[in-house]
Amino acid sequence: MTVTEPPGATGSRPRTELEVLGACPLDCPDTCGWVVTVRDGQAVGLRGDPRHPFTRGALCVKVNRFLEQAAAPDRILHPLRRTGPKGSGRFERITWDEALDEIAGRLSQIIDEHGGEAVWPFWGTGTLGYLQGLEGSPGRRLFNVLGASQHDDTICSVAGSTGLKYTMGTSAGMDPEDLALSKLIILWGTNTLTSGHHLWKFIQRARAGGAHVVAIDPVRTRTAQQADEHLAPIPGTDAALAFGLLHVIIGLGAEDRDFLDRHTIGWAELRERVTEFPPERVAAITGLPAEAIIALGERVARTRPTAIRATMGIQRHAGGGNALRALACIPGVTGDWSRPGGGLSYSTGGHFPLDHAALVRDDLLARPTRTLSMTRLGDNLLDLDDPPVKALFVIAANPAASNPDQNKVRRGLAREDLFTVVLEQFPTDTADYADIVLPATMQHEHVDVHNGYGHLYLVWNERAVAPAGECLPTSETFRRLARRLGLTEPSLYDSDEELAGQLLGSGHPRLTGITLDRLREEGHVRLNVPKPFLPFADGFPTPSGKLEFLSTRAAREGHDPLPDYVPPAEVTDTERAARFPLVLVSAASHHFLNTVFGNNPELRRRAGAPSITLHPSDAAARGLTGGERVRVGNDRGSFEAVVEVGDRVRPGVAATTKGHWAKLTGGGNVNATVAERDSDIGGGAVFHDNRVEVEPTEPPPAP
Ligand SMILES: Nc1nc2c(c(=O)[nH]1)N[C@H]1C(S)=C(S)[C@@H](COP(=O)(O)OP(=O)(O)OC[C@H]3O[C@@H](n4cnc5c(=O)[nH]c(N)nc54)[C@H](O)[C@@H]3O)O[C@H]1N2
Ligand SMILES: Nc1nc2c(c(=O)[nH]1)N[C@H]1C(S)=C(S)[C@@H](COP(=O)(O)OP(=O)(O)OC[C@H]3O[C@@H](n4cnc5c(=O)[nH]c(N)nc54)[C@H](O)[C@@H]3O)O[C@H]1N2
Ligand code: SF4
Ligand SMILES: [Mo]
C-alpha cells in the first residue's frame, strides 16, 4: 500500500489519497492485479496494476465498471427477511441480530429433526478468493462442525479436470505465458478475447515470432475471427477430431519415439484406438472437410513446439471429460511436453501448492456425510429424502440463473418447507427465493488471497474501504453465526489473516519465501518455478509417473482405460433433432461475467437483449431475416431472444450467451432450456449439449 500526498489539497481538512493493491475476484483465468485509489475513505478510482506481469495495467470492459457497480442503487446493504411468496422478491429490512437469531433457530431445529445432512451449503463462483468464496472456503469449517452435506462443485470444470488428471496426473499444464514461445497455437474451444483476454498479448508475441494460430470452435467468435485459420466442428465432437489429427500425425511417422518410450504408458493401445479414426470417418463425425483435418494434422506433425490452449468450453457436453483426455494425448505423442512453448494449457490452478485442507478443515466432520452435486440442484431439492434438503445456504452463487434446468431449479427453490439463506451483493434471481438475505461485501471492502488459473502468480487483495451499509465479509458472517449457535470449536473464529497464513503454510518449495507479509507488501508473487516452465520435467504426477494414455485409475473409477469419443447426448440424437433441430451453444458473454454485471445498466446496454444467432439457411427455413423476437425453447422451457442472422455459426448450430438475469429479460434465460444431466466424467454440466427450436413471438406482419 502506498500513501501519496494530496495533489493541491484544498479546504481546512487535510485530504489523504491512498493507492491500495487488490485483485479481481471474478471467475476468470486472468485474476488481474488492481489498484484502488482511495480519497478520504472513498474509492474514487480503479485500474489494472501496471506492475502485474499478466495484467500490465489493463482490466476489462466489465470490471472497469466495478466501482460503479459497488455504488449501484440496487446493492443489498442490510439483512432482509422475505415478506412475499417465494420468488416474489418482496423483503423487509431487519437487523443483523434478528437475522442471525432466526437463522440459528431454524438451523438448530432442522438439525434436531432431520440431522446435519439436511443442510446444504451451496457455494458458487462469484468470488474465487480463498477467504470469501472459492470452493466453499468460508463457512466450510462451520458446516463441517454441523455435519452438513458436502457440496460438489460440478458447474464449471470438473469433467475436463478429472479427464486431464487421468492422462497427465493433474489438470495444470503449461504456463500460459509460454504460449509466446510456440510456433503453432491451437485455441481449442476457448474464446480468449472474451473469456480471459490478457493471454492475447502472449499469443501475439508468438505470432511476431512466426507462429500460426488456429481456432477450433463451432462459432466464429471474436477470437476465431482473429485467428489465422478457423475450423468449426459440430459441437461435442472434439475427441474424434483429436484422434483424427493423431491418425494423420502417426501416419506421417511424426510421433516422438524417444518421448513415447521414456515418458508414456499405453502407446500401443492408444495407437490401436487411433486407427478407428481415419480422417474420412472423423469428417463424418465432426462435419469438417477431411482435407482440413489432414492439413491441420500435417501442420501439427511438422511444427515444434505446438501449444494447445483448451479451457472450459469443450467439456460442456456428454463426452466432455473424454474430449480433454483425448486432447491431452496429442503433446504426449509429439513429445511437445519436453519443449518450452509446447504442451497443453487448461488451468494453472493445480500448480499452486496451497494448504486447502488446512483452510477448510474437513477433519472437523464427525463422520463422512453425503455429497450433493451443484448442477443437480433441481433434482436434489425435489427428489431427495432421508433426509430431504431442509436448509439451503447459497453463497456467492446464482443458481436460479446459472444452473441448468431453470424451471426445475425454481420449483425446488419455491418449496415452502425449504429454509433458504442467500449471502449476496445484489437482488439476483436466486435472492428472490430467500427467506433471509445477508448483505455481502465486495472485493475492495474485504481482504482475500487468490491464485490465477491462467497464470502462476499469487495475488493479495487488500481492503481499500469500509464496507458499504451493513455488509459483512462472508468469512465474518460465518464467524458470527458460529457464535450465535454457541459453538466452541476454536478454529471457527480464526481471523482472515490467520486463515491466509494457514493457506500459505504448506511448506512446499514452490512457496518458500512467499509469506503473507511479503504477498501483502508486493501485491503479487510468482510461484517459485522456472521461466519458461516445463511442468513435467521431473515426470507426470500420475500413479506411474508417466503420461498415461492408458489409465488404470480411470478404469478403476468405471471408465474406459483409454480416452474415447463419447458422442454428445443431444447433438447426435436424431429423434430429438426432429423435434428441436437447432444445437444451441451458450458460451461466455463479452459484457457479463457469468451473471455478475447482468444488472449493470451500461453493460446491459452494450450487451443488448438476449440474442440467438442462426445460420442464413436456418433463418430462411423459418422465414426469419433478423431482428425478430422469438421464443427459443424445448420440452424443458424457453426464453425470449432477438434473432441475428449470420454465418458466424454453421448450419444447424445456434449461438447465444450466458449471463442474462432471467427477471430482467422476460422471466427466463437460456438455462430454462438446458438439461440437468451429467457429463461422462466427473458429473459436469452439459450447457452446450442442448437442442432447441425457435418460434416467433409476434405474428408476422400482414402481407
Ligand atoms: N467475459 C466473460 N469472461 C468469462 C466468463 C464470462 O461469463 N464472461 N466466464 C468465466 C468462466 S466461469 C469460465 S468457465 C470461462 C469460460 O470461457 P471458455 O473456457 O472460453 O468457455 P465457453 O465460453 O463456455 O466456451 C468457449 C468456446 O467454446 C466453444 N464451444 C462450445 N462447444 C464446443 C465444442 O463442442 N467444441 C469446441 N471446439 N468448441 C466449443 C464456444 O462456442 C465458445 O466460443 O470464462 C471465464 N471468463
Ligand atoms: N447456459 C450456460 N450456463 C452456464 C454456463 C454456460 O457456459 N452456459 N457456464 C457455467 C459456469 S462456467 C459457471 S462457473 C457458472 C457460474 O454460476 P454461479 O457460480 O452461480 O456464478 P454467478 O452466476 O456469477 O453468481 C455468483 C453470485 O455471487 C455473488 N458474489 C460475488 N462476490 C461475492 C462475495 O464476495 N460474497 C458473496 N456472498 N457473494 C458474492 C454475485 O453477486 C453473483 O450473484 O455458470 C454456469 N452457467
Ligand atoms: S474479469 Fe478477468 S480480465 Fe476482467 S479484470 Fe477480472 S480477471 Fe481481469
Ligand atoms: Mo466457469
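In the predicted model, Pro532 sits in the loop that runs between β21 (524–526) and β22 (547–548). The peptide bond joining Lys531 to Pro532 is cis, with omega at about -5 degrees. A cis peptide bond also links Asp386 and Pro387, where omega is about -15 degrees. Pro387 belongs to the loop between α15 (377–382) and β16 (391–395). Most peptide bonds are trans, and most residues other than glycine have a negative phi.

Positive phi values were found at several positions. Thr31, which is not a glycine, has a phi of about 30 degrees. Thr31 is placed in the loop between β2 (17–23) and β3 (33–39), and it counts as buried because its relative accessibility is 4%, under the 20% limit. Asp40, likewise a residue other than glycine, has a positive phi near 50 degrees. Its position is in the loop between β3 and β4. With a relative accessibility of 31%, Asp40 is classed as partly exposed. Gly335, the residue that follows α13, has a positive phi near 75 degrees. Helix α13 itself spans residues 320–334, and 15 of its 15 residues are buried, so the helix is largely enclosed by the rest of the structure.

Thr55 lies in the loop between β4 (42–48) and α1 (66–70). Its relative accessibility is 1%, and Thr55 therefore counts as buried. The Thr55 side chain comes to 3.0 Å from the backbone nitrogen of Gly33. The same side chain forms a polar contact of 3.1 Å with the side chain of His52. When neighbours within four places in sequence are set aside, the residues in contact with Thr55 are Cys32, Gly33, Gly48, Asp49, His198 and Lys201.

Two ligands were examined. Ligand 1 is surrounded by 33 residues, of which Asp217, Gly236, Asp238, Thr311 and Phe592 are the closest. This shell comprises 13 nonpolar, 14 polar and six charged residues. At least three of its residues come from domain 3 (174–344 + 536–556), and at least three from domain 4 (569–696). Among secondary-structure elements, α5 (192–195) and β23 (582–587) each contribute at least two residues to the shell around ligand 1. Oxygen atoms of ligand 1 are approached by both backbone and side-chain atoms. A polar atom in the side chain of His317 is 2.9 Å from a ligand 1 oxygen, and an N or O atom in the side chain of His688 is 3.1 Å from an oxygen of this ligand. From the backbone, an N or O atom of Gly189 lies 3.4 Å from an oxygen of ligand 1. Ligand 1 taken alone exposes 900 Å², and the protein buries 98% of this area.

Around ligand 2 there are 30 residues, and the closest are Asn398, Ser402, Glu424, Thr595 and Asn671. By class, 10 of the shell residues are nonpolar, 16 are polar and four are charged. Domain 2 (80–154 + 352–454 + 466–515) and domain 4 (569–696) each provide at least three residues of the shell around ligand 2. An N or O atom in the Glu424 side chain is 2.4 Å from an oxygen atom of ligand 2. Nitrogen atoms of ligand 2 also have polar partners: a side-chain N or O atom of Gln425 at 3.2 Å, and one of Thr474 at 3.4 Å. On its own, ligand 2 has 920 Å² of accessible area, 97% of which is covered by the protein.

Key. Residues are numbered from 1 along each chain as its sequence is written. Chains are lettered from A and ligands numbered from 1 in the order in which they are written. This is a predicted model: local features need pLDDT of at least 70, side-chain atom pairs count only at pLDDT 80 or more; totals for chains, interfaces and linings use all residues. Side-chain values use heavy atoms; hydrogens and water are left out. A residue is near a molecule or strand if one of its heavy atoms lies within 4 Å of it. A polar contact is a pair of N or O atoms within 3.5 Å; within protein, one must be able to donate a hydrogen and the other to accept it, and residues adjacent in sequence count only if both atoms are side-chain atoms. Accessible areas come from the Shrake-Rupley method with a 1.4 Å probe; for residues, only the protein chains shown count as cover. Helices (H or I, at least four residues) and strands (E, at least two) are DSSP runs, numbered from the N terminus. Ala, Val, Leu, Ile, Met, Phe, Trp, Tyr, Cys and Pro count as nonpolar, Asp, Glu, Lys and Arg as charged, and the others, Gly among them, as polar. Domain bounds come from an automatic or database domain assignment. Buried means under 20% relative accessible area, exposed over 50%, partly exposed in between (1.4 Å probe, protein chains only). Contact means heavy atoms within 4.5 Å.
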